[in-house]
Amino acid sequence: MTITGDPIIKDGCLMVRGKVVLTRMPENVVITSASSGSAFLGAKSTTSGSHHVFNLGVLEDYKFLCLFIVKIWWMIPRVGKSGSEVPMETQMLLLEAGEESAVLDEEPSADPAAENKFYILLLPVLEGPFRSSLQGTSSNELQFCVESGDPDVQTSLSYEAVFVNSGDNPYELMKDSIKILEKHKGTFSHIENKKIPAHLDWFGWCTWDAFYKEVNPAGIKAGLQSFLEGGCSPKFLIIDDGWQDAVNEFQKEGEPLIEETQQVVRDETHSELSRACLSLDLRTLGTSSQGSLKIQDPKRGKQHKSSVGNSVALVSFLFFLLLLIFVSFQPVWEVVLKGLCSVNTPSCS
């Protein structure tokens with residue numbers, strides 16, 4: 001059951017169900033009621049831009065669980081008790097609240113069961129072309145960052161950057177909050193309203209743990225054969241060839257990082273190569289290495305056909321090499337073509 005009671009800003013503090021969550025909130029922070037006891041936090045800026053970082057207030061003495069993007073392709077949890085422990089690119093912040101949890105409460109109770117715990121969810125959301133995330137500072141300030149990723153897409157205000165809700169069951173709180181956002185935003189569907197793809201009930205095989213970066217056609221065929229002999233042939237295959245370097249090739253030596261690239265190189269110098277999701281008839285591959293694959297790039301949603309033994313990179317390289325040779329010797333080709341035209345088709349010009 002989700003506890004109702006709209007979050008409010010009172011005397012420079014964010015109050016949720018009568019509890020002080022954030023203190024020393026700046027005057028440019030705004031709150032907008034949503035539904036079912038939830039609300040949105042936002043802020044106004046004096047200047048317009050494609051990237052803003054706003055202070056929400058001070059977060060102290062609250063146990064929390066958060067999920068944050070530790071790498072471009074990887075999100076992990078972290079726990080803490082103050083704003084300084086909230087990492088950059090936090091995508092979800094769940095606070096544990098109780099009668100003795102707020103900073104303005106009196107002496108804690110000797111009986112932990114008497115705290116009447118409940119939970120407060122702070123969820124950064126999309127607002128039009130802008131995405132948002134949470135982060136903390138060394139002085140325990142909780143901030144939210146909004147950015148469009150395009151210097152030409154700018155704004156000076158954000159009214160619905162962070163969704164706030166509360167409940168006594170963290171699992172129901174999360175589900176109810178997503179349903180509220182589904183109805184309010186109208187841009188996505190809750191999992192209960194989605195059709196589950198049939199392949200989720202299939203047994204599949206991802207090559208990463210078996211080969212890492214050394215994935216190869218012969219190894220794939222041998223692996224599939226071993227599954228076949230073991231009586232548990234997978235119905236789909238994911239060929240995962242690992243990682244690619246992600247560096248700023250335009251950055252000059254000694255120059256500071258461009259603000260928009262800090263997240264890319266903050267913790268690592270690698271980003272994920274798009275993992276091709278491959279669906280194929282493994283019965284064919286069980287007897288032949290020339291099975292036809294349907295390769296789908298999850299970021300593009302396009303399907304291509306290839307053979308296990310083919311190298312797409314090699315074909316692309318040869319194509320561009322031939323194109324370069326043709327362009328470089330274009331005058332020679334023109335002379336040859338004109339000669340052929342004059343011999344075979346006199347009317348050609």
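Leaving aside its neighbours within four places in sequence, which residues is F188 in contact with? The structure is a predicted model, and this question is a way into one part of it. F188 lies in the loop between the helix α1 (170-185) and the strand β14 (204-206). Once the neighbours within four places in sequence are set aside, its contacts are I178, L181 and E182. F188 and I178 are 10 residues apart in sequence, and the distance between their C-alpha atoms is 9.7 Å. F188 counts as partly exposed because its relative accessibility is 33%, and partly exposed covers the range between 20% and 50%.

H190 is also placed in the loop between α1 and β14. Is H190 buried or exposed? H190 counts as buried because its relative accessibility is 7%, and the cut-off for buried is under 20%. With its neighbours within four places in sequence left aside, H190 is in contact with K175, I178, K179 and E182. I178 and E182 appear in the contacts of F188 and in those of H190.

The next part to look at is a sheet. Three strands, in the order β1-β2-β3, make up an open sheet with antiparallel pairing. The edges are taken by β1 (8-10) and β3 (19-22); each has a single partner strand, so one side of each has no neighbour in the sheet. On average, neighbouring strands of this sheet are turned by 45 degrees against each other, direction ignored.

The pairings in this sheet can be followed strand by strand. β1 and β2 (residues 13-16) run antiparallel and are joined by three bridges. K10 has C13 as its bridge partner in β2. β2 and β3 also run antiparallel, and three bridges join them. Here V16 has K19 as its bridge partner in β3. β2 and β3 form a hairpin with two residues between the strands, and in this hairpin R17 takes a positive phi near 55 degrees.

Another strand to follow is β9 (residues 90-97). How many of the eight residues of β9 are buried? Seven of them are, so the strand is mostly covered. β9 is joined by six bridges to β7 (residues 60-71), and the two run antiparallel. One of the residues to look for is F64, whose bridge partner in β9 is L95. β9 is also joined to β10 (residues 118-124), by five bridges, and this pair runs antiparallel. A97 has F118 as its bridge partner in β10. As background, side chains in a regular strand alternate between the two faces of the sheet.

The last topic is the nonpolar cores. The largest nonpolar core has 30 residues, and those that touch the most other members are L93, L95, I120, L122 and F144. β7 gives the most to this core, with five residues. L95 has already appeared above, as the bridge partner of F64. Which residues is L93 in contact with, leaving aside its neighbours within four places in sequence? They are L59, F64, L65, C66, V86, I120, L121, L122, L134 and L142. Apart from the largest core lies another core, of 11 residues, including F40, M92, L123 and V125.

Note on methods:
Residues numbered from 1 in each chain as written. Predicted model: local features only at pLDDT ≥ 70, side-chain atom pairs only at ≥ 80, totals over all residues. Heavy atoms only, no water. Buried < 20%, exposed > 50% of the residue type's maximum accessible area, 1.4 Å probe, protein only. Helix = DSSP H or I, 4+ residues; strand = E, 2+ residues; numbered from the N terminus. Pairing = 2+ DSSP bridges. Contact = heavy atoms within 4.5 Å. Axes fitted to C-alpha atoms, helices over the stretch in contact; angles between N-to-C directions. Core = buried A, V, L, I, M, F, W, Y, C linked by side-chain atoms within 4.5 Å.
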